[in-house]
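Hi everyone, thanks for making time this morning. I'd like to walk you through a structure that may be new to you, so please have a look at it with me.

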Amino acid sequence: MPKLVAMRGNEAVAYATKYARVEIVAAYPITPQTIIVEKIDELISKGEMDAEMIHVESEHSALAATYGAASGGVRAFTATSSHGLAYMYEMLWWTAGSRIPVVMAVVTRAIGPPWNIHVSHEDILMTRDTGWLVSMAENNQEAFDLTLLMFRITEDPRVYLPGIVGLDGFILSHTVEPVELPDQETVDEFLPPRRQPYVMEPGEPKAMGNLVPDEFFEELRMDMQQSMENAVKVIKEVGAEYGKYFGRDYSNMIDCYRCSDADYLIAGIGSWMGDAKIAADKLREKGYRVGVARLRWIRPFPWHDLREIAMGKKGVIVMDRSLSTGHAGPLFLEISSALEGKPSMVGVPAGIGGVDISHDDVALFAEKAIQLIEENGRVYIPVMWYHLGKIFPTYPSSGVKLD
Amino acid sequence: MAINIKQLPKKKYVMPGNAACPGCPESMGFKYLGMALGDKAVVVIPAGCSSVIQGLWPKQGFGLPILNIVFAASASAASGLARALKRRGVDAQVVVWAGDGGTADIGFQALSAAAERGEDIIYICVDNEAYMNTGIQRSGLTPYGAWTTTTHTGKRQFKKPMPQIVAAHRVPYVATASVGYPWDFIAKLKKAASIRGFKYIHLHAPCPVGWRFDPSLTAKIAQLAVETGAWILYEYENGRLRLNPPSNRLIDPSKRKPIEEYLKLQGRFRHLKPEDIKMIQKEIETNWEEIIRTLKVQGDL
Ligand code: SF4
């Protein structure tokens, strides 16, 4: 029988690894990720989880040990955040390029300097180009569900790429919410034993990751791109199956809230999209038809779905909790490239480094963006900073006067 | 441990047509590794000459399974791999085959941590005393006075005492070896494989390309390093030091060949001034003094 338990987001992820029958976990402590591995260690100590922990000396080694374990044929997991993720960046490429499925949780946090342990999306969005699948949870239940799903998806022979489950630092990682835990038997049915393209075995001379002719290197990257396209299909299929098993459907890569009759969409990732939904309701009370498109997946990018949802709207407002400094928010760039600039677009970097953003804030800057669109006919503003209740001048210059 | 050549596997573990330079000490060493451990070995190789020697996909120049890995990560990847194989009940010996840079410099942190955790792996440092694969740059294991492409007038620092550093982690087995003494190396590999926990073997590997000598001389130069006392063969078993032949006869300095015999064959020492040779001599003395001190403390001398 499934049971409802109150737990922090980090614990939800830890429990998901237990249900997934992960056998080896390698990790290094970094705030706000630490609870994940502490909880796993506790589950192992109590005999509730049959796994081994490799207590490595750094995040670079954490992913290397996870990779080594997965290459040896067992289900392996790690978790990190911020500087830790930056430190393991090289290994991200190595794991994906080897087509070795592993799952990692990234508890999103700002990257210094100056030191800041609070939520920001710089870290997780830095992984976009590495060949990992990247997803982002809105709440603790979803952090649990996505972790289980991620094992199933990454170990699908049509995919064979590693995957990241993102959850917002502190907002989810340290906040207690009710989470429904399934039966182990049902999970075992949903998630079969690990599959992977090759396993290191003594007596079988094969080389993983050795030198290749340049043409093969390029072909491998082409293959990985194909696998990402396959992953779209697999995510939808497996997400629907998840719904049948556990009652929560994940066949949509984008979680839409009041999108269909909306003139304006607020788009983004992570937990603050819950606030965006409240803001949308408020703006509707004021007469603006607003909906919310929350991207559950960043890689593969839900390109087709986004177009279906957003094309023909009057405007899309993208909330970015990070910035590709010198251009615009990474999500703004991703979303605007998918939409050929047809709707008006406004990018709003906000909440960076954990600056608190409430639904009132979202309603405020979204309304401002809508007014700009209505006054100017069509606008394209990559950066409209929102900081402590004020809207700030922008770069690159959009030609639109903001105040 | 007595080794009978008839009992060693006949199988080839280094294939003809691999990408090694002529006279390469690493392919010699790898051959001995195969002879010692046979099909049980699963090898982790970070960036370095041996990542190239394997040759281009889809060919494979080594007759053992190889997990290639980024420079800093070999001991960690090997830890994960060894644990996974053990969990699956597979009878294997995971071996790291890393160069001097990958061991003493960039990979040192992961090596130290794996030693501290007591991972059940054999870590081999194939020490050709510089970053040969990228074009002969100095490493923490380049000896005093040696020319490299980043020490044009000769390195001014001494070699890191890696075997002692690893032994200080109190791991069950640390040994030095040389490609000039295959039986000694094979015996040490076999012994290491019979011990559970973290094992470290430091294999001296003279490189004709980086050291500037004729490729036919690799084994001879390796032997000269030992005969002059510049490279000492020994092992620490559970912290107890023992000299191995022929080094055990060389405690007496008069039994050692003059260091010049070793240096003069190598282009990398061509520029040496007499005071440089004195410094090299001094480094050798220091190393021997340390060994003698330890043997005395143990009551073996
Ligand atoms: S540079 Fe030296 S160690 Fe490297 S492959 Fe050539 S001979 Fe071997």
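Let me begin with one term: a residue is buried if its relative accessible area is under 20%, exposed if over 50%, and partly exposed in between, using a 1.4 Å probe and the protein chains only. A:Glu201 has a relative accessible area of 17%, so by that cut-off A:Glu201 is buried.

Some housekeeping before we go on. This is a predicted model, where local features need pLDDT of at least 70, side-chain atom pairs count only at pLDDT 80 or more, and totals for chains, interfaces and linings use all residues. Residues are numbered from 1 along each chain as its sequence is written, chains are lettered from A and ligands numbered from 1 in the order in which they are written, and side-chain values use heavy atoms, with hydrogens and water left out.

Back to our glutamate. Where is A:Glu201 found? It lies in a loop of chain A, between α8 (184–190) and β9 (207–208). Helices (H or I, at least four residues) and strands (E, at least two) are DSSP runs, numbered from the N terminus. And which residues is A:Glu201 in contact with, leaving aside neighbours within four places in sequence? They are A:Lys206 from its own chain, plus B:Val42, B:Pro65, B:Arg88 and B:Val90 from chain B. Contact here means heavy atoms within 4.5 Å.

Now follow B:Val42 into chain B. B:Val42 sits in strand β1 (residues 41–45), and five of the five residues of that strand are buried. In a regular strand the side chains alternate between the two faces of the sheet. For β1(B), one side has B:Ala41, B:Val43 and B:Ile45, the other has B:Val42 and B:Val44, and all are buried.

What does β1(B) pair with? On pairing, the rule is that DSSP finds at least two bridges between two strands. β1(B) runs parallel to β3 (residues 93–99) of chain B, with four bridges, and there B:Val43 stands opposite B:Val95. Three bridges link β1(B) to β2 (residues 66–68) of chain B, also in parallel, with B:Ile45 partnered by B:Asn68.

Zoom out, and these strands belong to an open sheet of nine, in the order β9(A)-β2(B)-β1(B)-β3(B)-β4(B)-β6(B)-β5(B)-β7(B)-β8(B), with mixed pairing. Its edge strands are β9 of chain A and β8 (240–243) of chain B, each pairing on one side only. Further along the sheet, β4 (residues 122–127) and β6 (residues 199–204) of chain B run parallel, joined by six bridges. B:Val126 has B:Leu203 as its bridge partner there.

Chain A has a sheet to show you as well. Six of its strands form an open sheet in the order β10-β12-β11-β14-β15-β16, and the pairing is mixed. The edges are β10 (254–257) and β16 (380–381), which each pair on one side only. Take β11 (residues 264–268), where five of five residues are buried. A:Tyr264, A:Ile266 and A:Gly268 lie on one side, A:Leu265 and A:Ala267 on the other, and both faces are covered. Five bridges connect β11(A) in parallel to β12 (residues 290–295), where A:Tyr264 is partnered by A:Val290. With β14 (residues 315–320), β11(A) shares four bridges, again in the parallel sense, and A:Leu265 stands opposite A:Val316.

To finish, the two chains as wholes. Chain A has 13 helices and 18 strands. Its radius of gyration is 21 Å, close to the 22 Å that the globule rule gives for 403 residues, so chain A is as compact as a globular protein of that length. That radius is taken over C-alpha atoms, and the rule is 2.2 Å times the number of residues to the power 0.38. Of the 403 residues in chain A, 61% are buried.

Chain B holds eleven helices and eight strands. Its radius of gyration of 18 Å agrees with the value near 19 Å for a compact globule of 301 residues. Buried residues account for 58% of those 301, and its C-alpha atoms fill a box of roughly 60 × 45 × 40 Å along the principal axes.

That's my tour, and I'm happy to take questions.
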